[in-house]
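Look at the model below. This report covers its symmetry, its cavities and the protein surface beside one DNA strand.

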Protein chains: 2
Amino acid sequence: MTAAQKPHWTRHFPTLDQVDDPTGLGVLADAREIQAPEGAVVFRPGSVCEQYLLVTEGSVRVQQTSSSGREIVLYRVQTGESCVLTTSCLLGGNRYGAEGICETQVNGIAIPAPRFMEGIESSPGFRRFVFQGYGQRIAELMTLIDEVAFGRLNVRLAQRLLELAHGQDALHCTHQDLAVELGSAREVVSRALKDFERQGWVHLSRGQIDLLDRPALERLAKG
Amino acid sequence: MTAAQKPHWTRHFPTLDQVDDPTGLGVLADAREIQAPEGAVVFRPGSVCEQYLLVTEGSVRVQQTSSSGREIVLYRVQTGESCVLTTSCLLGGNRYGAEGICETQVNGIAIPAPRFMEGIESSPGFRRFVFQGYGQRIAELMTLIDEVAFGRLNVRLAQRLLELAHGQDALHCTHQDLAVELGSAREVVSRALKDFERQGWVHLSRGQIDLLDRPALERLAKG
DNA sequence: CGGGGTTCAGTGATCTTGTCACTGCTTCGC
DNA sequence: GCGAAGCAGTGACAAGATCACTGAACCCCG
């Protein structure tokens, strides 16, 4: 989860016709296929946004750091998705206010801003593609506000554990990582996890959490 | 602040050419001028979104209610602005997830969904108009997440007091209203206000807060 | 292989915020 | 003028955040 900090994306080839066009629209004339290793920083607060980004494989974690240094994960951009923040920066012409970090090796497509604008102008299909997930994302941000403001920590933690496990029986991350997921503090997460362990729901070891009683966690996560 | 609960907007006239076109684009052929009294509910969670809304005068407060009944103000739509949530619902075809309430009498313009889509398709200027503030709003939502997750309550309260006072020396609202602004609880706000009063920064009376030491509040709000 | 630095996890003390239960005061409608 | 509803204040306690510190596990390097 915390990994090598080699920044910047790698241009793969200058133009693009070998590559699948996930929009099916041929707006991708100027698009470049890009690749980034796990841990790469795609953008940071203050970065100027110069291209529309589309993930074709992998996962980018978008998170925010407060002035006091605490962090929270806002959302993830996964295979087939694009990033609200990027889109909004392009449309509004402002700078990034958060940080995007590759959680896996990531393959993607970058469309330079001017070409993106043209696409928006000229292609109804591309427009639809761009704005499709947009509404969904806004709704997700509002849900996040609700959870952060009103949600119980143990409930949110149980949800995240199940989510991050991706159906596996164990997940490899530190308590600090989970604290960032939830926008909470490491000690608080540690205590909640210890509590789960006392209930027999999980088993804790350094850098790893084994899920022993998934149904119990699901019960907590739902209600 | 809490006012009459007469719902629904009033159609004013069926078509629109007497009215200023704030987009300057003539996309408003099918638009209707609408009017709503203070306290009117423009939309609720679950409402289907059938028209693009633009405020020409007044203020609409958009807020969310958690399952436990606690509420938080997400943002306000003011003169010349339109509502992110409405736009995202139109583009994504989903339902409202929050509530919009008129804080003043509100004049506005409504563009039916089909016409809105046409406008987006055909008019670059209208498109620009629609997406202009959009990026800004997303950034605001992320700031809100930051504040809710990491901000101190007394700091946030001081900020809101100054904001809601609009330069006046007093503001008329209940402690409960302020709790909703901040997504907090009434008792907590009451205590923080009492604390401000002990410092001599404000004077409290039923339904009213007088700001006595604005500089002190500003100091707290900034730092 | 061993030693030393670093990362990770656990814990108590204390502060802030949220929740619950209840009180008394004001306001408003009848 | 009376009763109901709304508003504000308060104490007790729970949940979460912060601070300071401990020890264990891991990694690198000689």
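A cavity is found on a 1 Å grid over the protein atoms alone: it is a set of points where a 1.4 Å probe fits but cannot get out, and lining residues have an atom within 4 Å of a point. Points are joined across faces, edges and corners, and the volume is the space filled by probe spheres set on them.

The model is predicted: local features need pLDDT of at least 70, side-chain atom pairs count only at pLDDT 80 or more, and totals for chains, interfaces and linings use all residues. Residues are numbered from 1 along each chain as its sequence is written, chains are lettered from A and ligands numbered from 1 in the order in which they are written, and side-chain values use heavy atoms, without hydrogens and water.

**Cavities**

The whole structure holds two cavities of 30 Å³ or more. In the table, Ala, Val, Leu, Ile, Met, Phe, Trp, Tyr, Cys and Pro count as nonpolar, Asp, Glu, Lys and Arg as charged, and the others, Gly among them, as polar.

| Cavity | Volume | Lining residues | Classes |
|---|---|---|---|
| Largest | About 90 Å³ | 13 residues | 10 nonpolar, two polar, one charged |
| Second largest | About 80 Å³ | 11 residues | 10 nonpolar, one polar, no charged |

Leu53(A), Val55(A), Val60(A), Val77(A) and Cys83(A) lie nearest the centre of the largest cavity. Strands are DSSP runs (E, at least two residues) and helices are too (H or I, at least four), numbered from the N terminus. β4(A) gives the most to the lining of the largest cavity, three residues. For the second largest cavity, the largest share is three residues from β4(B).

**Symmetry**

Copies are superposed by least squares on the C-alpha atoms of residues with pLDDT of at least 70 in both. A rotation of 180 degrees, with 0.0 Å of shift along its axis, lays chain B on chain A (RMSD 0.1 Å). The two copies are thus related as by a two-fold rotation axis. In chain B, Ile145(B) comes closest to that axis, at 2.9 Å (C-alpha).

**DNA strand D**

A residue is near a strand if one of its heavy atoms lies within 4 Å of it. Around DNA strand D there are 17 residues. By class, they are two nonpolar, four polar and 11 charged. α6(B) supplies the largest share of this surface, four residues. A polar side-chain atom of Lys194(B) lies 3.1 Å from a phosphate oxygen of the strand. Gly207(B) places a backbone N or O atom 3.0 Å from a phosphate oxygen.

How values were computed
1 Å grid on protein atoms, 1.4 Å probe; cavity = no way out; pocket = protein on both sides within 12 Å on 5 of 7 lines; lining within 4 Å. Polar contact = N/O pair within 3.5 Å; in protein donor to acceptor, adjacent residues only side chain to side chain.
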